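User: Let's talk through the ligand site in this model. Start with what lines it.

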Amino acid sequence: MADMLTEAPRGNASGAKIQMKNYIAGEWRSSSASEDLPVMNPATGEELGRVPMSPGSDVDAAARAAAEAFPAWRRVPVTDRVQYLFKLKTLLEENFEEIARTITMECGKTLPEARGEMRRAIENVEVACGAPVMMQGYNSEDIAAGIDEIMIRQPLGVVAIIAPFNFPGMIPFWFLPYAIVTGNTVVMKPSERVPLTMQTVFGMLETLKLPPGVVNLVNGGRDVVNAILDHPEIRAVSFVGSTAVAKHVYARAAANGKRAQCQGGAKNPVIVLPDAELGGASEIIADSAFGCAGQRCLAASMAIVVGEAREPFMDAIRQKAESRVTGYGLEDGVQMGPVITPESRSRVEGLIEQAIRDGARAVVDGRKHAVPNYAKGNFVAPTILEDLPFESEVATTEIFGPVLTVHHVGDIDDAIARVNAGEYGNQASLFTSSGASARKFRYEADVGNVGINIGVAAPMAFFPFSGARQSFFGDLHGQGRDSFEFYTKKKVVVERWPRAWSRRF
Ligand code: NAD
């Protein structure tokens with residue numbers, strides 16, 4: 001690690017501002033960008049560093065380096081490629097606390113939340129180590145006399161990963177370990193709002209001594225994304241972000257003949273039935289709605305409460321929202337951090353105001369929340385809005401802040417109809433003690449991830465992260481078996497050998 005420290009910036013425990021660099025062809029390079037942006041700590045308002053808005057020429061350099069590395073990398077036996085992941089897992093464990101602190105500093109979530117994120121990242125490295133089995137094809141002998149047919153999986157070539165701001169450590173790992181272990185080479189673009197975490201992780205990747213060009217990092221924004229989408233060497237794109245950008249990426253990638261998997265935004269409903277264990281349910285729903293300041297694509301944002309669950313649920317959830325401690329995520333006892341930018345704070349507060357204008361009642365109002373010693377932080381405290389009309393704009397908009405709207409309906413059919421009327425399909429949850437209701441919900445809810453008495457139904461690394469409708473564009477998802485499918489192409493060989501043929505064996 002010591003060598004890497006001289007080149008690759010990490011965290012900023014020393015308080016020094018960090019100039020982000022790109023990592024191309026096995027070396028740290030200053031971007032040729034003419035513009036850079038500040039990277040801010042959303043709790044303290046301090047500038048942590050600067051990130052270059054790299055131009056297309058930097059993407060071109062990275063894609064060429066990756067293309068050059070590909071022929072030799074794909075020939076490295078998969079059993080040897082896996083060895084790099086074993087070492088990567090060890091490095092991530094050894095540097096676990098440092099990476100988690102970096103996530104908290106640039107993204108705002110609490111340290112326990114950042115640790116949870118990195119645990120999920122590491123799980124993906126572990127699952128990708130199954131590549132020797134997962135890359136196997138299949139075969140049939142004697143499809144005709146003396147003729148055999150074989151399916152083999154081969155890597156695609158150069159693949160790109162484009163990440164959002166809200167999980168700077170985990171989301172790149174939904175893709176990176178699978179991409180390289182299957183023999184592809186990678187161009188990674190982190191969110192320009194949280195580039196420090198990948199800067200730190202790439203410093204660790206450098207110490208693995210992967211062949212130059214196998215992993216490349218390009219910092220920047222939309223110009224980097226569009227250059228990726230148009231680059232002829234890049235064969236596939238894995239994207240996570242808002243629905244508008246996911247659609248753009250999916251359409252432009254497809255128009256350029258690339259394979260694409262694009263995870264978009266969300267608006268996740270939770271149904272609460274009267275037979276639910278309401279004490280536990282309200283706690284789990286509050287954690288889902290307000291954890292990570294509501295900036296999770298699996299955050300519960302709309303509670304649909306059935307019949308007589310109304311009063312006890314409202315009492316319990318109000319108490320959970322009011323008692324949640326908001327502050328700087330590195331401090332002990334803090335349960336919720338800030339939202340990512342001052343603009344995001346204004347946007348969330350504006351949506352709360354609009355909901356009230358549209359008829360909602362603010363049961364708990366988290367606007368203009370002040371945290372002592374952190375006057376410059378982008379804090380919004382937990383907010384509960386009751387009886388917002390389902391048809392209002394805010395009820396159909398992804399708020400991406402610590403805001404839960406609560407709606408009351410008469411029965412489970414009505415509630416499931418509301419779930420399926422929403423345009424997103426990332427996640428929906430049901431709270432009940434009835435197996436029959438749970439089965440009905442699992443069967444009928446038109447979403448990719450279903451929770452039964454679970455508030456954040458985040459699939460483990462060995463399951464696909466299954467968004468649906470406006471939350472996902474593509475067919476193969478991130479993580480697990482889908483990843484091995486996505487990052488390999490199938491080749492079918494039909495073969496006959498003359499001696500076997502002539503003997504009719
Ligand atoms: P975003 O769409 O603004 O940015 C995502 C990436 O796209 C970034 O790397 C950014 O630089 C790039 N980008 C932004 N605008 C672009 C444009 N006009 N053209 C090309 N590229 C562009 O998303 P965000 O604000 O960073 O992340 C929050 C969003 O991500 C939320 O909508 C959230 O629901 C979603 N998200 C979804 C999942 C999921 O699994 N479905 C997971 C995490 C986050």
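**The ligand and its surroundings**

User: How many residues surround the ligand, and which are the closest?

Analyst: The count is 28, with a residue included if one of its heavy atoms lies within 4 Å of the ligand. Bear in mind that this is a predicted model: local features need pLDDT of at least 70, side-chain atom pairs count only at pLDDT 80 or more, and totals for chains, interfaces and linings use all residues. Numbering runs from 1 along each chain as its sequence is written, and side-chain values use heavy atoms, leaving out hydrogens and water. Of those 28, the closest are Ala163, Glu192, Ser242, Gln263 and Glu398.

User: Which residue has a backbone N or O atom 2.8 Å from a nitrogen atom of the ligand?

Analyst: Ligand oxygens come to 2.7 Å from a polar backbone atom of Ala163 and to 2.7 Å from a side-chain N or O of Gln263. For a ligand nitrogen, the backbone partner at 2.8 Å is Gly264.

User: How much of the ligand's area does the protein bury?

Analyst: On its own the ligand exposes 840 Å², using the Shrake-Rupley method with a 1.4 Å probe. The protein buries 88%.

User: Which domains does the ligand lie between?

Analyst: Both domains give residues to the shell, so the ligand lies between them; their bounds come from an automatic or database domain assignment. They are domain 1 (47-264 + 471-491) and domain 2 (268-452).

Conventions. A polar contact is a pair of N or O atoms within 3.5 Å; within protein, one must be able to donate a hydrogen and the other to accept it, and residues adjacent in sequence count only if both atoms are side-chain atoms.
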